[in-house]
Amino acid sequence: EEFLGRAKPRIPARTRSFSPQSSSMPAPQFCPSQELFETYPHEWLDAGDYPCAQTRDLRPLPGGYGSGSSTLAQWISGHMANDAANAHTLFPPAWGEPPLAQTSDYRPLPFGYGYGSSTLATWITEEAEEHSFTTL
């Protein structure tokens, strides 16, 4: 058989066919993974804009999420700003619910969560440290 006026190149047959059971390749990772649903608010991930491809730099992340890429920092900042604009602050799911009983003072909250009580500020700091996201 000819290919562009020459003999068609012979492509050698694979000596082993791909089989998930015999492959040493890791299972495919889906984005977002289950781990992300335990780290970030579900509403953010349901938006479908999680940056699966990220830069390889490392920097502190907003919201007390530890450290990660500037791409991830931008994604978190965007969602936090959107939440603030809608007066709907979302915290990492691992933290649980914020305290119901809070003091009536008003102060800046850590990690860019806006303003709130000192009770809420203490809870945010303690949860971030407990879940190893970051420390102040």
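The following exchange asks how the descriptive terms used for this predicted model are justified.

User: What makes up the model, and how are its elements defined?
Analyst: The protein has four helices and six strands, where helices (H or I, at least four residues) and strands (E, at least two) are DSSP runs numbered from the N terminus. Along the sequence, these elements follow the pattern β-β-α-α-β-β-α-β-β-α. This is a predicted model, in which local features need pLDDT of at least 70 and side-chain atom pairs count only at pLDDT 80 or more, while totals for chains, interfaces and linings use all residues. Residues are numbered from 1 along each chain as its sequence is written, and side-chain values use heavy atoms, with hydrogens and water left out.

User: How do you know which parts have low or high confidence?
Analyst: The guide is pLDDT, the predictor's confidence in each residue, from 0 to 100. Its mean over the protein is 80, and 74% of the residues reach 70 or more. Among the elements, strand β1 (residues 2-3) has the lowest mean, 49, and strand β5 (residues 107-108) the highest, 95. Over residues 11-20 the value stays under 50, and the model has four contacts beyond four places in sequence for that stretch. Where pLDDT is low, the predicted coordinates should not be read in detail.

User: Why is S117 called buried?
Analyst: Buried means under 20% relative accessible area, exposed over 50%, and partly exposed in between (1.4 Å probe, protein chains only). S117 has a relative accessible area of 4%, and is therefore buried. It is found in the loop between β6 (115-116) and α4, and, leaving aside neighbours within four places in sequence, S117 is in contact (heavy atoms within 4.5 Å) with Q102, T103, D105, R107 and L109.

User: Why is Y115 called exposed?
Analyst: Y115, in strand β6, has a relative accessible area of 53%, so it counts as exposed. Beyond four places in sequence, Y115 is in contact with Y106, R107, P108 and L109.

User: What makes a set of residues a nonpolar core, and which residues have the most contacts inside the largest one?
Analyst: A nonpolar core is a set of buried Ala, Val, Leu, Ile, Met, Phe, Trp, Tyr and Cys residues joined through side-chain atoms within 4.5 Å. The largest one here has 23 residues, and Y40, W44, W75, I76, Y113 and I124 have the most contacts inside it. Helices α2 (42-46), α3 (70-85) and α4 (118-130) each supply at least two residues of this core. Outside its neighbours within four places in sequence, Y113 has contacts that include M80, F91, W95 and I124.

User: How do you know that D83 has no salt bridge?
Analyst: A salt bridge requires a side-chain nitrogen of Lys or Arg within 4 Å of a carboxyl oxygen of Asp or Glu. For D83, which is buried, the nearest side chain of opposite charge, R59, is 17 Å away, and D83 has no salt bridge. Opposite charge is judged by counting Lys and Arg as positive and Asp and Glu as negative, with His and the chain ends not counted. D83 lies in helix α3, and its side chain makes a polar contact with the side chain of W44 at 2.9 Å.

User: What makes the phi of A87 and of F111 notable?
Analyst: Most residues other than glycine have a negative phi. Phi of A87 is near 50°, and F111 has a positive phi of about 65°. A87 is exposed, because its relative accessible area is 73%, whereas F111 is buried, because its relative accessible area is 17%.

Methods:
Polar contact = N/O pair within 3.5 Å; in protein donor to acceptor, adjacent residues only side chain to side chain.
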